[in-house]
Amino acid sequence: MIFLRIIITIFILSTLIKLFQTKKSGKISTLNFLLWSILWISVGIVFYKPELSTQFAKTLGIGRGADLMIYASIIVIFYLIFKILAKFERINADITKITRSIAISKAEDNRKDETR
């Protein structure tokens, strides 16, 4: 158990350090920084004090802390899938605009060449 605690602690701390570096370089928004920080700090708290998740779950009307963690994980996963799909759609729309612009530009160049 001590080995697992060391590994999990190192993982959480390294993830938080990377998160701070990402925020400092401006590659992540403040909102995403706060959400990810809260998530990883919560993982650490629940790992060291699992009874807190059970108490919180009972406050919300859920029987066990493990069930609460599963529900929360599913919600986070669905949210991230939604964000990824939204970004994919934006990228797809941008690629379509760029492709259309290049095609129009090439067509105009071809017309100019034909009239010469």
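This report describes the fold, surface, charges and selected residues of a single chain.

The model is predicted. The chain holds four helices and zero strands, and read from the N terminus its elements follow the order α-α-α-α.

**Overall dimensions**

The radius of gyration of the chain is 24 Å, whereas a compact globule of 116 residues would have a value near 13 Å. Along the principal axes, the C-alpha trace extends over about 80 × 30 × 25 Å. Among the contacts in the chain with a separation of 6 or more, 33% join residues that are 24 or more positions apart.

**Surface and charge**

Of the 116 residues, 14% count as buried. The chain exposes about 9,600 Å², and 70% of that area is supplied by carbon and sulfur atoms. As for charge, the chain carries 17 positive and 8 negative side chains, with the centres of the two sets lying 13 Å apart. The count of salt bridges nevertheless comes to one: the side chains of Arg64 and Asp67 meet at 2.8 Å, taken from N to O.

**Two residues in their helices**

Gly44 and Lys58 illustrate the opposite ends of the burial scale. Gly44 has its place in helix 2, which covers residues 30-48, and Lys58 has its place in helix 3, which covers residues 50-59. Gly44 counts as buried because its relative accessibility is 14%, under the limit of 20% that applies to buried residues. Lys58, by contrast, has a relative accessible area of 58% and is therefore exposed, given that the exposed class begins over 50%.

For each of these residues a C-alpha distance to another position in the chain is also available, and the table sets the two pairs side by side.

| Residue pair | Separation along the chain | C-alpha to C-alpha distance |
|---|---|---|
| Gly44 and Ile8 | 36 residues | 8.0 Å |
| Lys58 and Leu68 | 10 residues | 9.2 Å |

The buried Gly44 thus lies 8.0 Å from Ile8 in space, C-alpha to C-alpha, with 36 residues of sequence separation between the two. The exposed Lys58 is separated from Leu68 by 9.2 Å between C-alpha atoms, at a distance of 10 residues along the chain.

Definitions and conventions. Residues are numbered from 1 along each chain as its sequence is written. Side-chain values use heavy atoms; hydrogens and water are left out. Helices (H or I, at least four residues) and strands (E, at least two) are DSSP runs, numbered from the N terminus. The radius of gyration is taken over C-alpha atoms; the globule rule is 2.2 Å times the number of residues to the power 0.38. Buried means under 20% relative accessible area, exposed over 50%, partly exposed in between (1.4 Å probe, protein chains only). Contact means heavy atoms within 4.5 Å. Accessible areas come from the Shrake-Rupley method with a 1.4 Å probe; for residues, only the protein chains shown count as cover. Lys and Arg count as positive and Asp and Glu as negative; His and the chain ends are not counted. The place of a charge is taken as NZ of Lys, CZ of Arg, CG of Asp or CD of Glu. A salt bridge is a side-chain nitrogen of Lys or Arg within 4 Å of a carboxyl oxygen of Asp or Glu.
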